[in-house]
Amino acid sequence: MNAKTFSYGILRALGILLGIFLLLFFLFKIQSVLVYIAIAGVISLIGRPVVIFLRSWLKVPNLAAVIIVLLFVLAIFIGIILVFVPIVIEQSHHLGQIDVEAFKKDINLMNEQINDYLGVEDINLMESLKKSELAQSFDVNLIPKFLNSVFGILGATLIAVFSIMFISFFLLKDSKLMLNSILVFANKGEEDKFQRVFNKIKILLSRYFVGLTMQVFVLFVLYFILLSIYEINNPLAIAFICAFLNLVPYLGPIFAGMLMALFVISSNLGADFQVVILPKLIFVMMGYSISQLIDNLISQPLIFGASVRSHPLEIFLIILISGLLFGIIGMVVAIPFYTALKVIAKESLSEYKIVKRLTRDL
């Protein structure tokens with residue numbers, strides 16, 4: 001190997017590394033756009049069966065069916081806003097009129113009742129809060145900054161909603177749009193393999209996301225009924241938040257249960273701990289546990305069994321590894337990403353024994 005060939009190899013390697021770096025930097029800069037495309041892709045996967053149903057069974061034109069689906073998605077988003085905004089306004093109004101001394105009295109009274117019930121040494125919650133690092137480092141100037149950030153988030157949310165709806169419209173209108181975009185990367189003669197893989201992934205993920213939507217909806221209904229029975233404030237919003245948290249595997253239900261318990265206590269602040277708060281908390285948590293059993297024994301097996309076709313232990317390990325590597329986001333996207341990898345592996349690496357074993361049900 002002469003010096004010219006060696007130099008050319010080094011320059012070529014440096015050029016490839018520079019190209020990879022620039023590509024990653026570009027993807028990092030447009031990460032919000034990639035998120036919009038990903039969400040729009042999920043909406044199209046969930047909405048595609050509805051579009052097909054409207055078009056095939058009700059003889060609705062394709063364009064009208066797409067518009068109906070997007071209007072339904074938009075209605076859900078507006079409904080969520082209409083549920084949460086009045087609650088935020090109401091709570092802000094209450095915060096402005098709150099009697100601080102009465103609030104302190106209620107907190108300390110509940111603290112004394114808990115200490116008496118558990119038989120532990122008396123601890124003053126208000127004094128503990130005052131001595132906490134959070135209370136000592138609190139800056140009043142953070143309030144205007146917080147309001148500015150809220151308005152900034154509102155503007156970004158409106159842009160995101162418009163972008164997602166716009167992208168979703170074309171993905172639903174033309175089912176081959178994404179396929180044609182992916183086929184650009186296929187080598188000549190491999191278009192059929194790419195199309196076969198894409199269609200298989202689309203079918204599996206469509207079933208998965210539809211099942212996931214049904215899972216959240218069932219939990220939302222169960223939580224709403226439970227909270228309404230025990231007269232917890234704002235049951236609609238609390239039920240939605242707790243049901244939505246279940247999208248995070250394993251950790252989500254734990255946080256949702258803690259949040260529900262917190263809302264039960266805050267809704268009955270000032271009442272007798274042993275007579276009112278503790279019994280209500282126990283019954284609500286029992287109802288929450290029953291809802292989780294229904295979800296774990298019925299909803300999740302149907303979703304994972306019929307859609308991603310993976311063993312529960314396999315799913316658990318993938319979610320655990322993804323959580324360790326990429327955090328909460330990794331746990332949320334682990335199952336669809338792993339499903340796509342399995343389909344690709346079955347088409348490209350089917351000669352390997354481990355691939356045959358993992359993809360035998362696909």
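**Exercise 1. Place I329.** In which helix is the place of I329? Then decide whether I329 is buried or exposed.

*Solution.* Start with the ground rules. This is a predicted model, in which local features need pLDDT of at least 70, side-chain atom pairs count only at pLDDT 80 or more, and totals for chains, interfaces and linings use all residues. Residues are numbered from 1 along each chain as its sequence is written, and side-chain values use heavy atoms, with hydrogens and water left out.

Step 1. I329 sits in helix 13, residues 312-348. Helices (H or I, at least four residues) and strands (E, at least two) are DSSP runs, numbered from the N terminus.

Step 2. The relative accessible area of I329 is 61%, so I329 is exposed. The cut-offs: buried is under 20% relative accessible area, exposed is over 50%, partly exposed is in between (1.4 Å probe, protein chains only).

Step 3. Look across the chain. V248 is 81 residues from I329 in sequence, yet their C-alpha atoms are 8.3 Å apart in space.

**Exercise 2. Describe the fold.** State how many helices and strands the protein has.

*Solution.* Step 1. Count 14 helices and zero strands.

Step 2. Now burial. Of the 362 residues, 28% are buried.

Step 3. Turn to contacts (heavy atoms within 4.5 Å). Among contacts with a separation of 6 or more, 63% join residues 24 or more positions apart.

**Exercise 3. Check helix 9.** Compare the expected span of helix 9 with the distance between its end C-alpha atoms.

*Solution.* Step 1. The expected span is 1.5 Å times one less than the number of residues.

Step 2. Helix 9 has 39 residues, so it should span 57 Å. Its end C-alpha atoms are 57 Å apart, which agrees.

Step 3. See what comes next. E231 follows helix 9 and has a positive phi, near 55°.

Step 4. Bring in the record. An unreviewed UniProt entry lists "transmembrane region" at several spans, including residues 208-230. UniProt positions are given in the numbering used here, feature names are shortened, and annotations may be inferred rather than shown by experiment. In the model, residues 208-230 are 96% helix and 0% strand, with end C-alpha atoms 33 Å apart.

**Exercise 4. Dissect the largest nonpolar core.** Find which helix supplies the largest share of this core.

*Solution.* Step 1. Define the set: buried Ala, Val, Leu, Ile, Met, Phe, Trp, Tyr and Cys residues joined through side-chain atoms within 4.5 Å.

Step 2. The largest core holds 18 residues; Y223, L227, C242, A243, M260 and Y288 touch the most other members.

Step 3. Helix 9 (191-229), helix 10, helix 11 (251-267) and helix 12 (273-308) each give at least two residues. Helix 9 gives the largest share, six residues.

Step 4. Zoom in on Y223. Beyond its neighbours within four places in sequence, Y223 contacts A239, C242, A243, N246, M260, Y288, S291 and Q292.

**Exercise 5. Classify two ring pairs.** Decide whether F169 and F170 are stacked or edge-to-face. Repeat for F240 and F244.

*Solution.* Step 1. Rings of Phe, Tyr and Trp (its six-membered ring) pair if their centres lie within 6.5 Å; planes under 30 degrees apart are stacked, over 60 edge-to-face, the rest tilted. This rule gives eight aromatic pairs.

Step 2. F169 and F170 are 5.1 Å centre to centre with 85° between planes: edge-to-face.

Step 3. F240 and F244 have centres 5.9 Å apart and planes at 20°, so this pair is stacked.

Step 4. Place the stacked pair. F240 and F244 are four residues apart in helix 10 (residues 235-245), separated by about one helical turn. F240, at 26% relative accessibility, is partly exposed. F244, at 47%, is partly exposed too.
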